[in-house]
Amino acid sequence: MTKIAVIGAGVIGLTCAVKIKETYKDLDVVLISSEFSPNTTGDGSGGLWLPYLCGSTPYNLIEKWGAETYRFLYEQWKTGGYGVCMLPLYYFYRTKEKFHTPEWARMVFGYHELDSKELEHYSKLFSGKYTAGQTFTTFVCSPPTLLTHFLQRFEQANGKVLQAKLTSLQDPLLAQYDVVVNCSGLGARFLVPDDRVVPLRGQVLRVIAPWINQVVIDEEGGNYIIPNAQTVVLGGTSQKDFNTEVDPKDTDFILNGCKRIMPGLERAEIVKRWVGLRPSRDAVRLEPEEKNGKLYIHNYGHGGSGFTLFWGCGEEVLQILQTYLNKNHKLYINSKL
Ligand SMILES: Cc1cc2nc3c(=O)[nH]c(=O)nc-3n(C[C@H](O)[C@H](O)[C@H](O)COP(=O)(O)OP(=O)(O)OC[C@H]3O[C@@H](n4cnc5c(N)ncnc54)[C@H](O)[C@@H]3O)c2cc1C
Ligand SMILES: O=C([O-])C1=[NH+]CCC1
């Protein structure tokens with residue numbers, strides 16, 4: 001009987017666990033993680049579909065994984081699932097040279113590059129000096145809602161859960177598994193180990209501002225405003241740092257920058273200050289590795305784009321597993337008997 005372990009209960013690992021267990025109902029699948037929602041990186045994130053801080057991950061992969069995730073979010077939006085909202089996004093640049101049309105522009109709804117008249121209008125409206133910009137329709141989910149639902153879906157499919165901190169990929173706890181899906185995020189730095197995984201520290205505030213119904217990103221200013229279902233996420237920072245303490249200087253930077261864009265935020269009540277460490281890598285690592293008679297499927301290093309790539313990456317992990325099981329037919333057939 002093929003036995004599968006998925007490491008990591010963040011959005012990346014939960015997606016793989018759900019997809020594998022729902023596809024291979026008769027296989028033993030266990031989700032092993034040191035932390036679960038609400039204590040994963042995703043829980044405090046903005047939950048926005050936007051490729052962001054994903055290093056030099058090949059554009060064709062961002063487009064492939066991003067498109068599948070965008071379609072998944074669109075389907076959830078149509079059925080009201082996971083608190084997914086559809087909303088316009090405005091992305092502004094102060095330096096024209098820094099702007100380029102992203103490869104994924106052709107797969108999102110309503111992509112449009114702002115002309116000089118529009119830029120003049122929005123520069124006045126958001127008190128910026130924008131020389132380039134783009135707008136398109138995107139999705140935002142409520143991360144804790146999605147993470148909770150995925151865990152429920154996994155357990156309803158008879159997936160098993162184990163809270164434990166693994167010391168390495170050779171940890172005795174993994175000895176009994178034929179396949180190990182490594183979705184350990186920043187933990188991969190120590191688990192694999194892979195020193196190409198580094199923390200990109202992000203601080204955000206959550207405020208009550210129900211009148212805001214569009215995403216605004218000032219690329220070079222470093223500030224962004226991301227409405228979620230109940231609160232609005234104000235950001236943001238990105239420092240190579242393991243420090244997860246809220247820094248008052250960053251709070252001031254975030255507040256002053258976002259109030260410049262939307263002065264109405266002056267009166268918004270701050271309900272949460274949060275710091276998370278993006279699992280950043282020069283490129284997302286999603287690949288198989290056969291070693292010591294096991295199949296490892298590595299799926300980590302999604303930087304600022306875990307909620308933009310998760311469903312597409314999970315699909316690719318499933319395809320790698322399907323190829324392996326077909327190749328090792330007897331291994332899978334036995335599990336069918
Ligand atoms: C401020 C901020 C805002 C963000 N906003 C967005 C956004 O709007 N859109 C977007 O797409 N992305 C956003 N991101 C990025 C997104 O949050 C991450 O890309 C995503 O959460 C990574 O998911 P993950 O499952 O790989 O990692 P994690 O959520 O960190 O999960 C890793 C899991 O592995 C487990 N683990 C690690 N090591 C071990 C071990 N040794 N043994 C057992 N378990 C282990 C951990 O307990 C954890 O459960 C944001 C990030 C930050 C910090
Ligand atoms: O990582 C992050 O801060 C973000 N990712 C997408 C929008 C903001």
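Which residue has a polar backbone atom 2.9 Å from a nitrogen atom of ligand 1? The legends below begin with that contact.

**View 1. Polar contacts of ligand 1 in a predicted model.** The residue is Leu166, whose polar backbone atom lies 2.9 Å from a nitrogen atom of ligand 1, a polar contact being a pair of N or O atoms within 3.5 Å. An oxygen atom of ligand 1 is 2.8 Å from a backbone N or O atom of Gly303, and an oxygen atom of ligand 1 is also 2.8 Å from a backbone N or O atom of Phe307. Of the 1,000 Å² of accessible area that ligand 1 has on its own, the protein covers 94% (Shrake-Rupley method, 1.4 Å probe).

**View 2. The shell around ligand 1.** Ligand 1 is surrounded by 37 residues, the closest being Ser34, Thr41, Leu48, Gly303 and Phe307 (a residue is near if one of its heavy atoms lies within 4 Å). β13 supplies the largest share, 4 residues, while α1 (11–23), β8 (198–208), β13 (269–280) and α7 (306–327) each give at least two (DSSP runs, helices H or I of at least four residues and strands E of at least two).

**View 3. An open sheet of 6 strands.** The strands follow the order β6-β2-β1-β7-β15-β14 with mixed pairing, where two strands pair if DSSP finds at least two bridges between them. β6 (160–163) and β14 (285–291) stand at the edges with a single partner strand each, so one side of each is left without a neighbour in the sheet. β14 pairs with β15 (residues 294–300) in the antiparallel sense over 7 bridges, and Arg285 stands opposite Tyr300 in β15.

**Conventions.** Residues are numbered from 1 along each chain as its sequence is written, with chains lettered from A and ligands numbered from 1 in the order in which they are written. In this predicted model local features need pLDDT of at least 70, side-chain atom pairs count only at pLDDT 80 or more, and totals for chains, interfaces and linings use all residues, while side-chain values use heavy atoms, with hydrogens and water left out.

Notes:
A polar contact is a pair of N or O atoms within 3.5 Å; within protein, one must be able to donate a hydrogen and the other to accept it, and residues adjacent in sequence count only if both atoms are side-chain atoms.
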